[in-house]
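Here is a short report on charged pairs and one helix. Please look over the structure first.

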Amino acid sequence: MTAFSLEPAQLAWCAELRALADERLRPLAEKGEPGRVNRALLVELGALGLLPRLFTSGALDLCLMRESLAHACTEAETALALQGLGAHPVHAHGTETQRARWLPRVSDGSAVAAFALSEPDAGSDAAALSLGAEPADVGAAGPGGADTGGADAGRRGEPGTTRPVTPGITTAESPGTGTARPGAGRGAEASRPPGPATPDTGRPGPEASRPAPDAHGPGARQAPAPASLAADRDGPSAWRLTGEKCWISNAPEADFYTVFARTTPGAGARGVTAFLVPADRPGLTGTPLDMLSPHPIGALAFDAVPVTTDDVLGEVDRGFRVAMDTLNLFRPSVGAFAVGMAQAALDATLAHTTARTAFGGRLRDLQTVAHQTAEMALRTEAARLMVYVAATAYDEGAPDVPRRSAMAKLLATETAQYVVDRAVQLHGARALRRGHLLEHLYREVRAPRVYEGASEVQRGIIAKELYRTLDATTEEVGP
């Protein structure tokens with residue numbers, strides 16, 4: 001691979017993005033509620049043409065967008081990234097009908113997307129998913145007898161009827177307890193087949209009127225949901241999803257979910273199917289989780305949620321490929337997000353150590369301080385270059401994309417943690433005060449080392465790819 005450097009036009013675009021984030025996106029972000037989807041911010045991202053670029057740009061442009069936005073407004077960066085993560089499987093693997101229905105709304109910010117992979121017992125080990133797709137009786141409660149979200153019912157010649165539904169509010173601050181917050185999904189007790197008990201109310205789906213963000217409604221019945229998601233067959237072309245997803249960004253407020261469920265038991269990664277599931281499907285409910293990271297995240301409960309072949313993304317039992325294709329694209333850009341935060345922390349540190357006087361001079365004149373800022377800059381630049389190279393490898397279709405993506409995410413997220421921590425130390429107590437840039441970054445920087453594959457998972461991927469390359473080379477050379 002050739003040496004990497006950005007073109008002048010790319011550098012100018014990054015500067016423009018930083019200015020837009022500071023002037024137009026940050027004010028909207030500051031009006032948002034932590035832990036809730038900021039729809040006004042999404043609409044502005046669409047109006048600025050950034051959301052549509054998720055589907056027309058390569059990996060490098062995605063990284064440049066995320067790094068630039070993160071430097072000035074992490075909330076805007078995360079909102080953009082989650083739209084891309086949730087909708088990329090639809091863009092890359094969806095049918096024309098699926099793309100036509102959802103991608104224009106994702107692009108203008110009117111529909112919120114989510115990527116539902118993790119489960120309570122299958123986070124890092126994504127191949128161990130157990131949310132199941134069970135077969136169901138098409139004639140009784142399958143695609144012809146369940147509300148599948150209006151436009152989804154009756155496709156491919158299957159008659160569809162609409163069952164009554166009851167929009168509402170899921171009452172939860174964390175699973176099962178707390179204050180009233182909007183939940184996910186739409187369902188009615190009458191429309192559900194017998195199965196594990198789940199909350200019997202949810203928020204209206206994308207085709208229904210929504211309550212105001214501070215609206216309160218009926219509480220949800222508190223009952224445990226299954227800890228895994230199973231996809232049982234419902235005739236030759238339909239399934240029922242039963243189980244749970246957890247740690248899902250944008251849940252429970254998303255308008256649709258890319259859901260990964262096990263359609264073939266005992267088949268490991270080869271028995272998982274990706275489904276596009278609108279939030280208004282009967283039996284789908286959710287609760288928000290109160291997390292350290294300020295972006296919206298929640299749990300989803302599936303109580304025999306109906307899906308058909310029209311909802312499949314890609315091929316049946318080949319959903320793991322959809323997940324890995326998405327993660328290989330987005331992992332370097334998670335690194336770009338981290339680089340943007342590291343650069344913001346470094347810039348703040350340079351300004352502070354220049355303005356701050358102590359021990360008879362400026363902080364920057366103390367060798368111990370100067371050496372720390374040099375180390376912060378060194379690591380940030382190394383991480384940035386690795387992110388750019390990984391993104392370029394993806395755009396060029398290089399064979400070593402999984403290894404490079406893992407390396408980029410690992411180095412950049414670990415670097416950002418180091419840089420932000422050092423910046424806090426050099427700022428002193430003022431950096432710990434609520435509302436300070438570094439206090440905000442300190443909370444933001446921790447989660448990327450866990451989501452989309454924890455640091456330990458990235459090390460495992462890197463080692464696996466290294467040994468695979470060695471074994472292939474050995475076989476070619478022969479004894």
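Which residues are linked with Glu33 in a network of salt bridges?

## The network

Arg36 and Glu253 are the partners: together with Glu33 they form a network of salt bridges. This is a predicted model, and everything below is read from it.

Take the link between Glu33 and Arg36. Their side chains meet in a salt bridge, at 3.7 Å from N to O. That lies inside the 4 Å cut-off for such a contact. The two residues differ in cover. Glu33 has a relative accessible area of 44%, so it counts as partly exposed. Arg36 has 11% and is buried.

## A bridge between two helices

The whole structure holds 21 salt bridges. One of them pairs Glu44 with Arg24, and their closest N and O atoms are 2.6 Å apart. This pair links distant parts of the chain. Glu44 sits in helix H2, residues 39–47. Arg24 sits in helix H1, residues 8–31. In sequence the two are 20 residues apart.

Is Glu44 buried or exposed? Glu44 is buried, because its relative accessible area of 17% falls under the 20% limit. Its partner Arg24 is at 40% relative accessibility and counts as partly exposed.

## A bridge between two loops

Asp311 forms a salt bridge with Arg281. Here the closest N and O atoms are 3.0 Å apart. Both partners lie in loops. Asp311 is in the loop between strand E8 (297–308) and strand E9 (312–313). Arg281 is in the loop between strand E6 (272–278) and strand E7 (284–288). The pair therefore ties together parts that are 30 residues apart in sequence.

How accessible is each partner of this bridge? Asp311 has 2% relative accessibility and counts as buried. Arg281 has 0% and is buried as well.

## Helix H5

Helix H5 covers residues 74–93, which makes 20 residues. From its first C-alpha to its last, H5 reaches 29 Å. That is close to the 28 Å expected at 1.5 Å a residue.

Where does H5 kink? The kink is at Ala87, and its angle is about 45°. The proline Pro89 follows shortly after. H5 is also mostly covered, with 16 of its 20 residues buried.

Notes: Residues numbered from 1 in each chain as written. Predicted model: local features only at pLDDT ≥ 70, side-chain atom pairs only at ≥ 80, totals over all residues. Heavy atoms only, no water. Helix = DSSP H or I, 4+ residues; strand = E, 2+ residues; numbered from the N terminus. Buried < 20%, exposed > 50% of the residue type's maximum accessible area, 1.4 Å probe, protein only. Expected span 1.5 Å × (residues − 1). Bend = angle between axes of the 7 residues up to and from the residue.
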